[in-house]
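User: I'm new to this one, so could you take a close look at one part of it for me? Tell me what it's made of and what sits around it.

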Amino acid sequence: MAIKQELEKREKRTCLHDKHLSLGAFMSPFGGFEMPIQYAGIAPEHFAVREKVGLFDVSHMGEVVVRGKDAERYVQHIFTNDVAGAPVGKIYYGMMCYENGGTVDDLLVYKMGENDFFLVINAANIDKDWAWMQQHAEGFDIDLRNVSDDYGQLAVQGPESEHIMETVLGLPCKELTFYTVKKIQDVIVSRTGYTGEDGFEIYAAPDYIRECWDKMIATGVQPCGLGCRDTLRFEVGLPLYGDELSEDITPVMAGLTMFVKFDKPEFIGKEALAKQKAEGPAKKLVGIELFDKAIPRHGYEVLNMEGEPIGEVTTGYHTLSTDKSVCMALVDAAYSKLDTEVQIQIRKKVFPGKVVKKQFYTKNYKK
C-alpha cells in the first residue's frame, strides 16, 4: 500500500488513466507518468499493429507552441532540420542540440500556419526542453508557450488505421500523406507515428481524446502499451531518446545526419556537428545480429573478436516480426562497417554476431 501511495505521489497520470485500469493494463512509471505497458500482452499488441490496427495513449508527450513574427527564425535557430519556407501542413523530424553537438531532444515540428509552429517533445524531457527553449528565446519576437497540459494524444497505428479514423472517429484523413498535418476544428490530426506502419496521431482536449478512445475500444480496436511501442519502433530502427540519442550521443553518432541541414545559415550545435561529421565520430550507432537466440539488453557490453570492449547495447530484443536476436549498439567507429564480426557479453557468456543495418524490419508508411 505504501508503495502504491508513493507511486501516486511521484508519477503524473494521463487523461486516460482510469480507462487503462478498467481494461486491466499493467501500469509502470515512464517519463514521469504512470503509463500502460501492456494489456493483452506485448506480442498480440505488436502483431495487432503490424497486421491490423492498434491504439496507443501517448498523452504523456509534451507540446510547445511557437507563434509570432520571428517564429520561423526561432525554430531554425534551435532545430537541426530546415523549416525555411515550409508549406503549411508539413511536419519535420529533427533534433535540438547543445553547442557541443549533444542532443537535447529529438522532436517533431508541425507547420500549422504562417508564423505558427507546433512542437512535439518527449515526455521525460518536457521540463528540461521547456527551460532550454526559454533560455534561447531571447532576441526573438515570439509567443512561446508550453501547452502540454492542454492536450491529450492518441496514436492509431497499423494498415487499418485510415479506415478507423474515417469510419469510427469521422475524421477525414485520406488526403493526408506521410508527415503532413491538418486541423479539424480544434483537433490536430497528423499522418505520423512511431511504429513503422501507416498511422495517425490525434491531439485534442482531454475530453475529446477520452471520447475517441471509447469509440475505438467499443469497435474492437486493440489497446497497446509502451511495451510493444518499443518493440515496434526498434524493429524499424527508430531511436529512443535516452538510448540511441542523449546528451552524449549526437545525431552524427546516431546516423541521423539526414535530419541535420548543414547548409542552413546557423543552428545551435552546427559548428560542433559539422566538425564531427568531417572528422568522423569516435563512436557510431550500429545494428548487430547475433548468431544464437540469446537476447542482448540495454547496457550489455559489445566486444571485438579478441574479447576487448568496444561499446555497449542501446536497445536489444529477439524480434517478434523476424524471429532474430538483434540490437542497436554504440561501438567504436572502427567496428561499424557492415558484416564486421563482434561479440556481446550476456551475463557470464559471450555470444558472436555481426554488424548489420539498424532497420530490422521494412517500414510500411503511406507516401
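Analyst: Four elements, β5 (91-97), β6 (103-113), β12 and α8 (226-235), each give at least two residues to the lining of the largest pocket. (Helices, H or I of at least four residues, and strands, E of at least two, are DSSP runs numbered from the N terminus.) The biggest share of that lining comes from α8, with five residues. Keep in mind that this is a predicted model: local features need pLDDT of at least 70 and side-chain atom pairs 80 or more, while totals for chains, interfaces and linings use all residues. Numbering starts from 1 along each chain as its sequence is written, and side-chain values use heavy atoms, without hydrogens or water.

That pocket's volume is about 1,200 Å³ (the space filled by probe spheres on grid points joined across faces, edges and corners). Its lining counts 48 residues, and Tyr93, Asp106, Tyr194, Leu238 and Pro239 are the ones closest to the centre. A pocket here is an open set of points on a 1 Å grid over the protein atoms alone where a 1.4 Å probe fits, with protein on both sides within 12 Å along at least five of seven lines; lining residues have an atom within 4 Å of a point.

Let's stay with β12 (199-204). Six of its six residues are buried, so β12 is largely enclosed by the rest of the structure (buried is under 20% relative accessible area, exposed over 50%, partly exposed in between, with a 1.4 Å probe and protein chains only). One side of β12 carries Gly199, Glu201 and Tyr203, and the other carries Phe200, Ile202 and Ala204.

What are the partners of this strand? β9 (152-157) runs antiparallel to β12, and six bridges join them. Strands count as paired if DSSP finds at least two bridges. β11 (187-190) also pairs with β12 in the antiparallel sense, over three bridges. Isoleucine 202 of β12 turns up in each pairing: leucine 154 stands opposite isoleucine 202, and valine 189 has isoleucine 202 as its bridge partner.

Those strands also meet helix α6 (residues 161-168), where Ser161, Glu162, Ile164 and Met165 are buried. These four cover an arc of only 165° around the axis, which puts them on the same side of α6; the arc is taken from the directions from the helix axis to the C-beta atoms. The cover over the buried residues of α6 includes β9, β11, β12 and α7 (206-218), where contact means heavy atoms within 4.5 Å.

Now follow the chain on from the helix. Glycine 170, just after α6, has a positive phi of about 65°. Tyrosine 179 sits in the loop between α6 and β10 (181-184), and its phi is near 65°, positive in a residue other than glycine. With 17% relative accessibility, tyrosine 179 counts as buried. Glutamine 185 lies in the loop between β10 and β11 and also isn't a glycine, yet its phi is positive, at about 55°. Unlike that tyrosine, glutamine 185 is exposed, at 74% relative accessible area.

One more helix ties in with what you've seen. In α3 (residues 42-51), the buried residues are Glu45, His46, Ala48, Val49 and Arg50. They pack against β2 (33-38), β3 (54-57), β9, β13 (222-224) and α8. So which elements have already come up here? β9 is the strand joined to β12 by six bridges, and α8 is the helix with the largest share of the pocket lining.
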